[in-house]
Amino acid sequence: MTRVNVITGFLGSGKTTTLLHLLAHKPANENWAILVNEFGEVGIDGALLADRGATLKEIPGGCMCCVNGLPLQVGLNMLLKQNKPDRLIIEPTGLGHPKQLLDMLRAAVYQPWIQVDATLTLLDPRQLADARVVENENFRDQLTAADIIVANKSDRWSEEDRQRLQQWQQHNLGDRQLVESAWGKVDPALLCQSALADRAVPEAAHHHHTSRPKGLAALKLEGSARWRRALNEGQGYASCGWIFDGDTVFDTIPALEWARLAPVDRVKGVLRTPDGLVNINRQGDDFFMETRTTTPPDSRIELIHHQPVDWNVLQTTLLRIRLN
């Protein structure tokens, strides 16, 4: 029997950081698997989560529960059959709706194989001050679907953020548990908690559009191409991602400045530099980078914004900061 958790939350709430923390505290005698879904096409989270002690499966390019859940079913079935994990953690895109995903996991066909444990929804309380986020139906429905709400990034809150969180709790928490965390450092024991009784989570209308058909793997280079990009649109957001071959090396400081100053909501990337592998993670003004000695097979970076962007301008600058 595989125990399954869904870890959801809006863009930039800290899902991947939380997953990294949980993987670092995985019991040594347990076999874990991660099924990760991203809005963009190039598969950044797969690179960030690789070599962390768990089997990893990616479903890039939008909400995994669309198209009658086919990408999710295929990825889930492959993991259950081939890896037989003790625990499976599913990370949907921050722009995804959890209703269809949870309904699928609770379907009779999976009952002999999986046990659905608590769903964790990450919330950055600073987003409660952003009407564009609060009015987003996916943001609201992710919170409604939660068994446990993780109020994350407490190290960045102001007193006004804390007050908004308290007001939200009074009207919306109900029978759910709320825990506070910084840097996604949640108690791994939360994964073992049982799911609460099913709550009414409304269906959301999906309006995804992509530049290519949905697949079950991240974007790859073809032939002798040194790089390529992919676009995606849906749920009122647009993304642009680039993938570069393993011989491409970026100038470290200009690359970090490009990511920090890009006029977009969200930046995630894994870049090869003379200083090693650099992980980049930016949400608004929050900017985090990590240098690792692991060498990835390629470099990938993804930008997401709530309105159209002149991607060509950003691309021109990005190409100029390559060292080769």
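How many helices and strands does the protein chain have? In this predicted model, the count comes to nine helices and 15 strands. The chain runs to 324 residues, and 54% of them count as buried. Contacts reach a long way along the sequence: take the pairs at least 6 residues apart, and 74% of those contacts join residues at least 24 apart. On the outside, about 14000 Å² of the protein chain is exposed, with carbon and sulfur atoms supplying 50% of that area.

Next up, the pocket. The largest one holds about 730 Å³ of space. Its lining draws on 38 residues, and those nearest the pocket centre are Gly 14, Thr 17, Arg 266, Lys 268 and Asn 281. Two helices and four strands each give two or more residues to this lining: α1 (15-24) and α2 (44-49) on the helical side, plus β12 (266-273), β13 (276-283), β14 (286-292) and β15 (299-305). The largest share belongs to β13, which puts in five residues. As for chemistry, the lining splits into ten nonpolar residues, 14 polar ones and 14 charged ones.

Ser 13 sits in the loop between β1 (2-9) and α1. Is this residue buried or exposed? Ser 13 has a relative accessible area of 0%, so it counts as buried, the cut-off being under 20%. Leaving aside residues up to four places away in sequence, Ser 13 touches Leu 122, Leu 123, Asp 124, Asn 152 and Lys 153.

Gly 236 also belongs to a loop, this one linking β10 (227-234) and β11 (237-244). Here the relative accessibility is 56%, and because anything over 50% is classed as exposed, Gly 236 falls in that group. There is a long-range pairing to note as well: Gly 236 and His 305 are 69 residues apart in sequence, yet their C-alpha atoms are 8.9 Å apart in space.

That leaves the cysteines. How many disulfides does the structure hold? The tally is zero. Two cysteines can still be placed by their accessibility. Cys 240 is buried, at a relative accessible area of 0%. Cys 192 comes out at 42%, which lies between the 20% and 50% cut-offs, so this residue counts as partly exposed.

Technical notes
Residues are numbered from 1 along each chain as its sequence is written. This is a predicted model: local features need pLDDT of at least 70, side-chain atom pairs count only at pLDDT 80 or more; totals for chains, interfaces and linings use all residues. Side-chain values use heavy atoms; hydrogens and water are left out. Buried means under 20% relative accessible area, exposed over 50%, partly exposed in between (1.4 Å probe, protein chains only). Contact means heavy atoms within 4.5 Å. Accessible areas come from the Shrake-Rupley method with a 1.4 Å probe; for residues, only the protein chains shown count as cover. A disulfide is a pair of cysteine sulfur atoms within 2.5 Å. On a 1 Å grid over the protein atoms alone, a cavity is a set of points where a 1.4 Å probe fits but cannot get out, and a pocket is an open set with protein on both sides within 12 Å along at least five of seven lines; lining residues have an atom within 4 Å of a point. Grid points are joined across faces, edges and corners, and a volume is the space filled by probe spheres set on the points. Ala, Val, Leu, Ile, Met, Phe, Trp, Tyr, Cys and Pro count as nonpolar, Asp, Glu, Lys and Arg as charged, and the others, Gly among them, as polar.
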